[in-house]
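Hi everyone, and thanks for making time for this. I'd like to walk you through a structure that is probably new to most of you, so just follow along on the screen.

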Amino acid sequence: MSFFVSANATGAVPCPADTTPSFDLTSTPVIAISSIAVLTTAVSYASVFMHFRNLEYQRQQFHIILILLFPAVYTLFSWLSFALWRGAIAESLLLIRDCYDAVVIYAFYQVLLLYIAPTTAGQKAALVPKRISHPFFPRTRIPMDPSRPTFLSRNKAIVYAFCIGRVLMTFVAIVAEWKGAYCGRINSFKYVHSWYVLVTFSTLLPAIYAIVTLEGLFSRELEGKHIMRKLIAVKGILLVIL
């Protein structure tokens with residue numbers, strides 16, 4: 001694949017150099033942002049610590065802890081990239097930060113599955129009496145019968161495809177960045193960045209829909225868990241900035 005070699009070696013137009021001036025890390029705005037970052041990280045770690053002190057449902061809480069670490073991971077890698085400002089290291093930090101998105105989606109999905117039943121067999125059994133009635137995707141056009149043995153497997157495959165794809169595309173993007181072929185500042189399919197966004201977004205939407213579909217089937221049983229509210233709270237801002 002051409003993006004594993006330098007842009008110059010393939011004859012492609014090299015990514016323009018970033019000429020944006022660096023920030024003064026001792027300035028008041030930067031100090032204010034850093035203070036917020038420290039506070040956010042402290043709250044995240046405090047929440048994680050509280051879960052470790054009260055591990056009553058270990059399997060569920062393990063994935064909840066991964067979700068609670070999201071603000072700390074996002075803040076830390078954003079600040080490091082901000083401090084370094086330019087170059088392949090800074091861009092790679094942002095890509096690694098965004099890759100944690102796959103961990104969050106995976107964790108949310110696992111919590112949802114565990115709320116339904118602790119085992120795959122139990123989850124399939126719980127799906128047997130369910131029926132889908134979705135206004136946007138009527139069953140007459142897209143048949144999805146939850147009672148079929150393959151329904152859960154397909155649902156999982158859609159979500160896991162995003163998680164695995166996100167990790168693989170992150171690796172590709174980091175390699176491309178160091179070879180000068182990523183160019184995250186320009187929206188052009190001459191560079192890997194646009195393909196990275198396209199693949200990520202095209203796999204994210206089906207994954208979100210799969211989670212929404214599964215949660216909708218058990219909306220009564222999961223009443224009070226607020227799964228979708230929590231997912232929107234975490235994913236909403238990422239969908240906007242993607």
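I'll go through the helices, the cores, the ring pairs and the salt bridges, in that order. One thing to keep in mind throughout is that this is a predicted model.

Let's start with helix α5, which covers residues 88–116. How far should its 29 residues span? At 1.5 Å a residue the answer is 42 Å, and the end C-alpha atoms are 43 Å apart, so the two agree. Most of this helix is covered, with 22 of its 29 residues buried.

Now look at α7. This helix has 30 residues, and from its first C-alpha to its last it reaches 45 Å, close to the 44 Å expected. After α7 comes glycine 180, which has a positive phi, near 80°.

Next, the inside. The largest nonpolar core holds 35 residues, and the ones with the most contacts inside it are Ile105, Ile211 and Leu214. Which elements give two or more residues to this core? They are α3 (58–68), α4 (70–84), α5, α7 (149–178), α8 (192–217) and α9 (227–241). Of these, α5 gives the most, with eleven residues. As general background, nonpolar side chains in soluble globular proteins tend to be buried together.

Let's zoom in on one member of that core, isoleucine 211. Setting aside neighbours within four places in sequence, isoleucine 211 is in contact with Ile105, Tyr109, Leu112, Val159, Met228 and Leu231. There is also a second, separate core of nine residues, and Met169, Ala181, Tyr182 and Tyr196 are among them.

For a contrast, take isoleucine 33, which lies in helix α2 (residues 28–53). Is isoleucine 33 buried or partly exposed? It counts as partly exposed, because its relative accessibility is 44%. Isoleucine 33 is 46 residues away from tryptophan 79 in sequence, while in space the two are 8.6 Å apart, C-alpha to C-alpha.

On to the aromatic rings. Searching the whole structure turns up five aromatic pairs. One of them joins phenylalanine 70 and tyrosine 74 in a tilted arrangement, with 5.3 Å centre to centre and 45° between the planes. These two residues are four apart in helix α4, so about one helical turn separates them. The background here is that an α-helix has 3.6 residues a turn, so residues three or four places apart point the same way. Phenylalanine 70 is buried at 11% relative accessible area, and tyrosine 74 is buried too, at 18%.

Another pair is tyrosine 182 with tyrosine 196. Their ring centres are 6.0 Å apart and their planes sit at 75°, so this pair is edge-to-face. Tyrosine 182 is in the loop between α7 and α8, and tyrosine 196 is in helix α8, 14 residues apart. Both of these tyrosines are buried. Elsewhere, ring pairs link Tyr106, Tyr109 and Tyr160 into a cluster.

Let me go back to tyrosine 74 for a moment, as it leads into the charges. Arginine 97 lies over the face of tyrosine 74, at 4.3 Å from the ring centre. Arginine 97 also forms a salt bridge with aspartate 98, where the closest N and O atoms are 2.9 Å apart. Both partners in that bridge are buried.

How many salt bridges does a search of the whole structure find? The count is three. Besides the one I just described, arginine 166 and aspartate 101 meet in a salt bridge at 3.4 Å, N to O. That pair links distant parts of the chain, with arginine 166 in helix α7 and aspartate 101 in helix α5, 65 residues apart. Arginine 166 is buried at 5% relative accessible area, and aspartate 101 is buried at 4%.

Then there is lysine 130 with glutamate 221, whose side chains meet at 2.5 Å, N to O. Lysine 130 lies in the loop between α6 (120–127) and α7, and glutamate 221 in the loop between α8 and α9, so this bridge ties together parts that are 91 residues apart in sequence. Here the two partners fall into separate classes: lysine 130 is buried at 15%, whereas glutamate 221 is partly exposed at 47%.

That's the tour, and thanks for listening!

Notes. Residues numbered from 1 in each chain as written. Predicted model: local features only at pLDDT ≥ 70, side-chain atom pairs only at ≥ 80, totals over all residues. Heavy atoms only, no water. Expected span 1.5 Å × (residues − 1). Buried < 20%, exposed > 50% of the residue type's maximum accessible area, 1.4 Å probe, protein only. Core = buried A, V, L, I, M, F, W, Y, C linked by side-chain atoms within 4.5 Å. Contact = heavy atoms within 4.5 Å. Phe/Tyr/Trp six-rings, centres within 6.5 Å; stacked < 30°, edge-to-face > 60°. Lys NZ or Arg CZ within 6 Å of the ring centre and 35° of its normal. Salt bridge = Lys/Arg side-chain N within 4 Å of Asp/Glu carboxyl O.
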